[in-house]
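Student: I should like a close look at one part of this structure, namely the helical chain and the way it is put together. Please set the account in the context of its partner chain.

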Amino acid sequence: MKRGKDQEASAAKLQRKDVPEARQLRKQAGDWLKQRRADAGLSQVDLAERLGLKYYTFISQVENGFSRVPTETMAAWATALDLEPAAFAKHLLLYYEPELHRLLFGAKK
Amino acid sequence: MSVVAFERKQNTGLWSETELNTIVAALNIALASGNGRGWETGMTEKGDAQWYLLGPLPDQACELCVSRIGGRYILENGSGRLLFEHHNLALVAMHARAAVRSTRWGLVARVMLLWCTARHMIHEEIEPLLIESEEMLVHLAPQLTVFA
């Protein structure tokens, strides 16, 4: 089915080398967030409810790597995922602002 | 007489060609502006379709997102702010176009403000310096011609 293939190809494009680094890092952040949500035993709907969102679509937007967790709601995300807000923000900074993370906390690993 | 209860077809899964065409046609101005702008599709955990308008390079962050949940279309910006929702996609696409326009006009307004500030600074700071040096030149020119 053509449109199915088109949309699969579109998702596969994320893995390609010509995808900007910022986007690849956002996708990694999204995967990490998805894993943390799974660890907390929450669905996207559950997390959206905890964050007071009407729809869960923004959770998917972030986890798919197209958007960031907004700074003003980072603490709420962390709390909803049973994580310590400072550690949560520090880890996300690694993906969202890698150079700033390096300057503040030194080299990765 | 009994009424037959028709089960309403659940509108889930991938975007149809018609849906994609409706969204892309409405946002063609933003998409044609270049700079690496584009669009992608995705899925929520529950299999609901999402369409993302990506901003310019190098970030290509999501500027607008249209999602379809149970036959209802949801328009959000890249920060998750709910902009509009309706069961009519054409109407949602129209709002998406308006949202992109307002973003662009906001940018134009900021550029104009920057331009006015720069002009004001030139007028206030640099022009007096130029006038001062011009006056100095007028004073010194006759003396310099004596040495020449």
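Tutor: The account below begins with the model itself, then treats chain A, its contact with chain B, and finally the sheet of chain B.

This is a predicted model, in which local features need pLDDT of at least 70 and side-chain atom pairs count only at pLDDT 80 or more, while totals for chains, interfaces and linings use all residues. Residues are numbered from 1 along each chain as its sequence is written, and chains are lettered from A and ligands numbered from 1 in the order in which they are written.

The predictor's confidence in each residue is given as pLDDT, on a scale from 0 to 100. For chain A the mean pLDDT is 86, and 81% of the residues reach 70 or more. Over residues 11-17 of chain A, however, pLDDT stays under 50, and the model has five contacts beyond four places in sequence for that stretch. A contact here requires that the C-beta atoms of two residues, placed from the backbone, lie within 7 Å.

Chain A contains seven helices and zero strands; helices are DSSP runs of H or I with at least four residues, strands are runs of E with at least two, and both are numbered from the N terminus. Of the 109 residues of chain A, 28% count as buried, a term that calls for 20 or more other C-beta atoms within 10 Å of the residue's own, with 12 or fewer making it exposed and values in between partly exposed, the C-beta atoms being placed from the backbone. Among contacts in chain A between residues at least 6 apart in sequence, 49% join residues at least 24 apart.

Helix 2 and helix 6 (residues 85-96) of chain A pack with their axes 8 Å apart, at an angle of about 150°. Axes are lines fitted to C-alpha atoms, for helices over the stretch in contact, and angles run from 0 to 180 degrees between N-to-C directions. The two helices are therefore roughly antiparallel to each other, the term for angles over 145 degrees. Helix 2 of chain A contributes L25(A), R26(A), Q28(A) and A29(A) to this contact, and helix 6 of chain A contributes L92(A), Y95(A) and Y96(A).

Helix 7 (residues 98-105) of chain A has eight residues, of which the number buried is zero, so this helix lies largely in the open. After helix 7 of chain A comes G106(A), with a positive phi near 85°.

Turning to the partner, 22 residues of chain A are in contact with 26 residues of chain B. On the side of chain A that touches chain B, helix 1 (2-12), helix 2 (21-39) and helix 4 (57-63) of chain A each supply at least two residues. Helix 1 of chain A gives the most, with five residues.

In chain B, five strands form an open sheet in the order 1-2-3-4-5, with antiparallel pairing; strands pair if DSSP finds at least two bridges between them. Strand 1 (38-43) and strand 5 of chain B are the edge strands, each pairing on one side only. Strand 4 (residues 72-77) and strand 5 (residues 82-86) of chain B are joined by four bridges. In strand 5 of chain B, E85(B) is the bridge partner of I74(B), and L82(B) stands opposite E76(B).

Methods
Parallel < 35°, antiparallel > 145°, perpendicular 65-115°, else oblique.
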